[in-house]
Amino acid sequence: METYFRDVDFTVIGSGIVGLSTAYHLRKNNPNAKIIVLEKGMLPEGASTKNAGFACFGTLSEVLWYLESNSEEEVYNLVERRFLGLQKLRSLIGNDKMDFHQNGGFELFRENDKELMQKSLENLDEINSWLKPIFKRDVYKKSGRDFDFKNIIGIIETELEGQIHTGKMMRNFVKLVNENEISILNNVEVSAVNDTGNSVEIELKNGFRFNSGKVFLCTNAFTKKLYDLDVVPARAQVLVTQPIDNLQLKGCFHMDEGFYYFRNIGNRVLFGGGRNLDLEGETTTEFAITDLIQNQLENYLREIILPKQKFEIEHRWSGIMGMGQKRNPIVEQLSQNVYCGVRLTGTGIAIGSLVGEELAELV
Ligand SMILES: Cc1cc2nc3c(=O)[nH]c(=O)nc-3n(C[C@H](O)[C@H](O)[C@H](O)COP(=O)(O)OP(=O)(O)OC[C@H]3O[C@@H](n4cnc5c(N)ncnc54)[C@H](O)[C@@H]3O)c2cc1C
């Protein structure tokens with residue numbers, strides 16, 4: 001025990017994308033520090049291993065929606081941080097090691113989204129000019145493609161959206177952290193964190209206690225069990241089909257104001273969403289899939305996405321996101337020696353590695 005838990009300078013709680021990035025950047029800034037990462041799962045078991053792998057920064061209608069309740073500066077910064085976060089992730093892990101492909105992102109509009117589509121198209125030029133300093137080009141355009149979808153009245157696309165293999169990304173991120181002399185300890189759940197002013201006393205679920213100089217909460221949806229912050233759990237359910245012959249769709253697709261999303265993984269389709277069917281029931285940290293949502297996903301596959309093709313479902317799973325009143329992550333010093341990087345919402349792949357870097361720099 002002593003070898004692992006004595007004289008610890010920095011303890012990171014949670015080994016999702018934010019925890020791994022925090023640990024890595026702490027090492028860059030503190031070459032001689034003793035750094036450990038504690039993870040309650042056998043593997044990282046939060047959203048980082050369960051997500052859809054969209055390397056995205058926001059659809060046009062999402063940007064317009066944010067602008068309704070946030071200042072222009074806040075929205076601009078959020079889009080910029082997502083885009084910069086993606087560049088950071090790509091440079092840390094490498095495109096090949098996480099199967100990064102820039103196949104584009106497509107926002108689909110159905111008949112009942114007509115107003116939303118019109119509003120988006122009316123604002124397209126203005127938003128493109130406003131975001132040009134970030135992307136150095138027009139980021140959104142009206143799409144001429146239809147991918148054989150049914151009941152879709154229009155598509156707005158961006159060529160800059162990409163996709164990754166999330167399992168490969170996480171496996172290589174863990175490897176990178178291990179190579180930097182950082183121990184990741186799995187099956188270790190933290191039950192309490194107490195800042196004494198000089199250091200932080202950490203209590204584990206099995207009753208063991210030790211001290212750490214500084215502590216970084218990277219616990220996203222599970223944060224409330226340790227600290228009272230504005231982070232609300234939001235379960236998200238996903239399914240993946242078996243391989244489909246002659247699959248036409250390639251890229252990342254968003255529908256129903258972002259409540260549904262799908263993409264190709266080779267010649268299979270990953271499809272997720274439907275939380276809006278039962279927002280209350282899906283506000284939970286319990287992993288589970290439900291008939292209500294899974295049936296709707298299958299209906300949409302049949303009716304809209306793959307109307308001409310037969311398909312079988314290969315896998316289904318759920319993951320838990322950390323949401324809250326605001327869309328931006330909380331990256332803060334909470335007390336003398338405790339810091340947090342949480343509330344990554346549905347775009348933590350984009351922004352997560354940057355949040356880890358920012359968190360490490362607070363020390
Ligand atoms: C189904 C689904 C699809 C998604 N799709 C996308 C997408 O396509 N693109 C995108 O950008 N984002 C997507 N997201 C969101 C993205 O996955 C998250 O924003 C991101 O992974 C959050 O990273 P994190 O490190 O903050 O949290 P997490 O990955 O959740 O990591 C937190 C870790 O902390 C650990 N932990 C918690 N409490 C404790 C404790 N007390 N002691 C020890 N360990 C603890 C957990 O086990 C977990 O491993 C999706 C999420 C889900 C669920």
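**Close-up views of a predicted model**

**View 1. Backbone atoms meet the ligand's oxygens.** In this predicted model, a backbone N or O atom of Ile 349 sits 2.9 Å from an oxygen atom of the ligand. Val 18 does something along those lines, with a backbone N or O atom 3.0 Å from a ligand oxygen. Glu 45 joins in as well: one of its backbone N or O atoms lies 3.1 Å from an oxygen atom of the ligand. How much of the ligand's accessible area does the protein cover? On its own the ligand has 1,000 Å² of it, and the protein covers 98%.

**View 2. Here's the shell around the ligand.** Helix H2 (17–29), strand E12 (232–241), strand E16 (313–323) and helix H8 (348–360) are the elements that each give two or more residues to this shell. There are 40 residues around the ligand, and those that come nearest are Glu 39, Ala 47, Ser 48, Phe 54 and Ile 349. Sort the shell by residue type and you get 21 nonpolar, 14 polar and five charged.

**View 3. Now for an open sheet of eight strands.** Walk across it and the order is E5-E6-E4-E13-E14-E15-E12-E16, with mixed pairing. Which strands stand at the edges? They are E5 (141–142) and E16, and each has a single partner strand, so one side of each is left without a neighbour in the sheet.

**View 4. Zoom in on E14 and E15, two neighbours in that sheet.** Strand E14 (residues 260–265) and strand E15 (residues 268–273) run antiparallel, joined by six bridges. To spot one pairing, find Ile 265: its bridge partner in E15 is Arg 268.

**View 5. A helix lies across three strands.** Helix H5 (residues 114–135) is the one to look for, and the strands are E4 (105–109), E5 and E6 (154–158). H5 runs at about 40° to E6.

**View 6. Last up is a hairpin.** Four residues make the link from E17 to E18. Strand E17 (residues 330–333) pairs with strand E18 (residues 338–342) in the antiparallel sense, over four bridges. Look for Val 331, whose bridge partner in E18 is Gly 341.

Note on methods:
Residues numbered from 1 in each chain as written. Predicted model: local features only at pLDDT ≥ 70, side-chain atom pairs only at ≥ 80, totals over all residues. Heavy atoms only, no water. Near = heavy atom within 4 Å. Polar contact = N/O pair within 3.5 Å; in protein donor to acceptor, adjacent residues only side chain to side chain. Areas by Shrake-Rupley, 256 points an atom, 1.4 Å probe, with all protein chains shown as cover. Nonpolar A, V, L, I, M, F, W, Y, C, P; charged D, E, K, R; others polar. Pairing = 2+ DSSP bridges. Contact = heavy atoms within 4.5 Å. Axes fitted to C-alpha atoms, helices over the stretch in contact; angles between N-to-C directions.
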